[in-house]
Amino acid sequence: MIEPEVLTEVPASLKRLAKQVVRGFYGVEHALALDVLIRNPCVREEDMLELLKFDRKQLRSVLNTLKADKFVKCRMRVETAPDGKTTRHNYYFINYRVLVNVVKYKLDHMRRRIETDERDSTSRASFRCPCCFSTFTDLEANQLFDHMTGTFRCTFCQTEVEEDESVCPDARTLVARFNEQIEPIYALLRETEDINLSHDLLEPEPTEIPALKQSRERAAAAAGNAAGGPHREAWSNKGSTYADLYIQNVVISMEEQDDQKRQVNEGKPPKERPVWLTQSTVQGAYNEPDALKSRGDIAAGAQDGAAGHGAGQADENEEVMRALLIHEKRAVAGAGVGGASAAARGLASATANASDSESDTSESEDELPSGPTTATASQHRTVEEVEEEDDDDDFEETVRHGFPYQPTSLAFDPVQKILAIGSRSGGVRILGRPGVDCYCQHESGAAVLQLQFLINEGALVTACADDTLHLWNLRQRRPAVLHSLKFNRERITFCHLPFQSKWLYVGTERGNTHIVNIESFILSGYVIMWNKAIELSTKTHPGPVVHLSDSPKDEGK
């Protein structure tokens with residue numbers, strides 16, 4: 001037997017076969033990728049990206065599809081750059097021998113699938129009554145046959161039935177149509193039957209694409225010329241086509257804009273300022289600069305005061321005293337932070353200032369009539385009110401004593417001896433051995449329905465009235481929420497966490513039980529529906545889930 005000649009060039013029939021198969025059974029992207037591999041024996045992935053202008057993810061998806069169907073093969077090579085760094089590159093090529101075998105196998109598989117489907121279709125309805133439109137299968141032919149007339153008659157209306165050709169097509173017709181449509185591929189397969197390709201064509205070595213090589217050389221030359229010219233910057237990620245696109249000079253002058261605005265505003269009258277900018281619209285409001293600024297005016301008015309202006313002067317003195325007392329209180333507070341001695345000095349200065357202000361007030365009282373006496377009494381009351389307000393602001397909460405207000409739930413860790421108490425305001429109080437007392441608050445402020453400890457793991461699960469589950473981390477100094485899970489369609493009624501289990505069972509108002517993974521704190525896809533947890537004879541809805549617990553006989557239930 002004479003062996004076929006070994007070819008060193010891929011025949012045109014093999015290229016046409018690959019193009020027709022991919023264009024007939026795959027998308028446009030697959031056809032474009034295979035055309036590049038047909039024109040170039042072995043192409044690097046980066047070169048295909050540059051030629052096809054595809055996204056890397058899109059190109060890899062296309063090549064993986066072709067590789068899975070054995071139309072394309074991949075080879076990975078490690079290359080060393082001039083700077084000593086090693087990189088991995090994927091090279092793709094076509095093994096035409098494998099391609100021919102895959103096409104033959106797939107066509108034969110399709111033909112057998114068509115024959116099997118048509119052979120199984122004999123159980124479909126193949127007889128139809130023209131009167132009552134009843135349909136019958138081939139297996140019911142013995143019931144339709146009438147021995148007196150020798151015809152097939154309907155069992156309902158005794159009308160002679162007709163064969164329904166539209167339901168059961170002829171298998172030979174489909175197979176013949178398939179062979180007719182695939183005939184061009186069969187012809188190409190017959191042409192490539194005795195072709196023997198060399199090993200260099202079946203396993204080609206990587207080669208550089210001439211078109212890409214020329215474009216890179218032109219880009220490098222353009223970048224070199226751009227770098228040598230004056231006042232030119234070369235972008236490394238731009239090609240040569242962008243180098244001489246345009247040159248734009250932008251000059252921004254702020255002075256011209258200011259001159260233009262000034263010329264425009266010269267001819268316009270000044271806008272009247274609103275009342276709420278010129279003076280305060282709040283009754284009794286004031287600020288420290290205005291009070292201190294008006295202090296000299298008030299002193300001058302006091303020297304020229306008369307009986308008719310006594311009431312207005314008393315109001316102004318009251319405002320001045322408020323400003324001075326606020327300033328003195330701030331000085332005392334700032335000194336208290338520095339230390340006890342500084343606080344004593346601040347208090348002494350405050351007392352001295354107060355005595356000075358009292359002496360000044362007493363001198364003015366001798367000169368003024370009975371009206372300012374009333375103002376002086378009101379000043380003393382104002383001093384006491386300011387002191388009370390400032391003292392209230394200085395209080396800080398240091399100790400929380402007693403049982404939480406309006407408790408709603410309890411939980412206890414028997415190993416770590418920790419007790420957790422939830423309240424209606426969304427707070428959680430954690431109590432342990434002497435000295436262990438912590439208070440946490442949910443941001444939503446919803447009532448805590450239930451608490452569940454992860455025994456001896458330093459974690460706590462809280463179920464709130466807003467249908468949200470929270471996982472708290474108790475191992476750190478200040479407990480914090482690690483994960484939260486919101487139920488949108490169902491309301492939470494009860495939670496159960498078995499001992500040393502990673503599954504949290506959550507009962508809802510609809511009677512369903514959802515399962516949450518404690519480690520990831522996400523819902524699993526398994527749900528125990530209410531109709532699966534009751535007897536089959538019960539048809540009414542049992543209501544919400546009231547309680548969940550482990551089965552005493554079976555640990556898995």
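**Entry 1: cysteines**

I began with Cys 132, whose sulfur is 3.5 Å from the closest cysteine sulfur, in Cys 129, which is too far for a bond. I note at the outset that the model is a predicted one, and I read every value below as computed from it. The cut-off I needed for this step is 2.5 Å between cysteine sulfur atoms, and a search of the whole structure with it finds 0 disulfides. I then looked up Cys 154, which is in no disulfide either, the nearest cysteine sulfur being that of Cys 132 at 3.6 Å. For accessibility, I found Cys 132 partly exposed, with a relative accessible area of 33%, while Cys 154 is buried, with a relative accessible area of 1%.

**Entry 2: the chain as a whole**

I next took the totals for the protein chain, which has 17 helices and 22 strands. Of its 557 residues, buried ones make up 30%. For the contacts, I looked at those between residues at least 6 apart in sequence, and 47% of these join residues at least 24 apart.

**Entry 3: Ser 13 in helix α1**

Is Ser 13 buried or exposed? I located Ser 13 in helix α1, which covers residues 12-25, and found this serine buried, because its relative accessible area is 8% and the cut-off for buried is under 20%. Not counting residues up to four places away in sequence, Ser 13 touches Leu 188, Glu 191, Thr 192 and Ile 195.

**Entry 4: helices α2 and α4**

I described this pair in the usual terms, since two packed helices are described by the angle between their axes and the distance between the axes. The axes of helix α2 (residues 28-39) and helix α4 (residues 56-68) come within 10 Å and cross at roughly 80 degrees. I therefore recorded α2 and α4 as roughly perpendicular to each other. On the α2 side the contact is made by Glu 29, His 30 and Ala 33, and on the α4 side by Gln 58, Val 62, Leu 63, Thr 65 and Leu 66. Sorted by class, this contact of α2 with α4 has 4 nonpolar, 3 polar and 1 charged residues.

**Entry 5: helix α3**

I listed the buried residues of helix α3 (residues 45-52) and found Glu 45, Asp 47, Met 48, Leu 49 and Leu 52. Just after α3 comes Lys 53, for which I noted a positive phi of about 60 degrees.

**Entry 6: the sheet of β2, β4 and β3**

In what order do the 3 strands of this open sheet stand? I read the order as β2-β4-β3, with antiparallel pairing. The strands at the edges are β2 (42-44) and β3 (73-80), each of which has a single partner strand, so one side of each is left without a neighbour in the sheet. Direction ignored, neighbouring strands of this sheet are turned by 35 degrees against each other on average.

I then went through the two pairings of strand β4 (residues 86-93), beginning with β2, which pairs with β4 in the antiparallel sense over 3 bridges. In that pairing, the bridge partner of Cys 42 is Phe 93 in β4. Between β3 and β4, which run antiparallel, I found 8 bridges, and here Arg 75 stands opposite Tyr 91 in β4. The strands β3 and β4 form a hairpin with 5 residues between them, and in its turn Gly 84 has a positive phi of about 95 degrees.

**Entry 7: the hairpin of β13 and β14**

I moved on to strand β13 (residues 427-431), which pairs with β14 in the antiparallel sense over 5 bridges. One residue pair I checked was Leu 431, whose bridge partner in β14 is Asp 437. This hairpin has 5 residues between its strands, and Gly 435 takes a positive phi near 100 degrees. Looking at the two faces of strand β14 (residues 437-441), I noted Cys 438 and Cys 440 on the covered one, with Asp 437, Tyr 439 and Gln 441 on the uncovered one.

**Entry 8: Ser 409 in strand β11**

What does Ser 409 contact, leaving aside its neighbours within four places in sequence? I placed Ser 409 in strand β11, residues 407-413, and found this residue buried, with a relative accessible area of 8%. The contacts of Ser 409 that I wrote down are Ala 420, Ile 421, Gly 422, Val 448, Leu 449, Gln 450 and Leu 451, its neighbours within four places in sequence being left aside.

Terms used: Residues numbered from 1 in each chain as written. Predicted model: local features only at pLDDT ≥ 70, side-chain atom pairs only at ≥ 80, totals over all residues. Heavy atoms only, no water. Axes fitted to C-alpha atoms, helices over the stretch in contact; angles between N-to-C directions. Helix = DSSP H or I, 4+ residues; strand = E, 2+ residues; numbered from the N terminus. Parallel < 35°, antiparallel > 145°, perpendicular 65-115°, else oblique. Contact = heavy atoms within 4.5 Å. Nonpolar A, V, L, I, M, F, W, Y, C, P; charged D, E, K, R; others polar. Buried < 20%, exposed > 50% of the residue type's maximum accessible area, 1.4 Å probe, protein only. Pairing = 2+ DSSP bridges.
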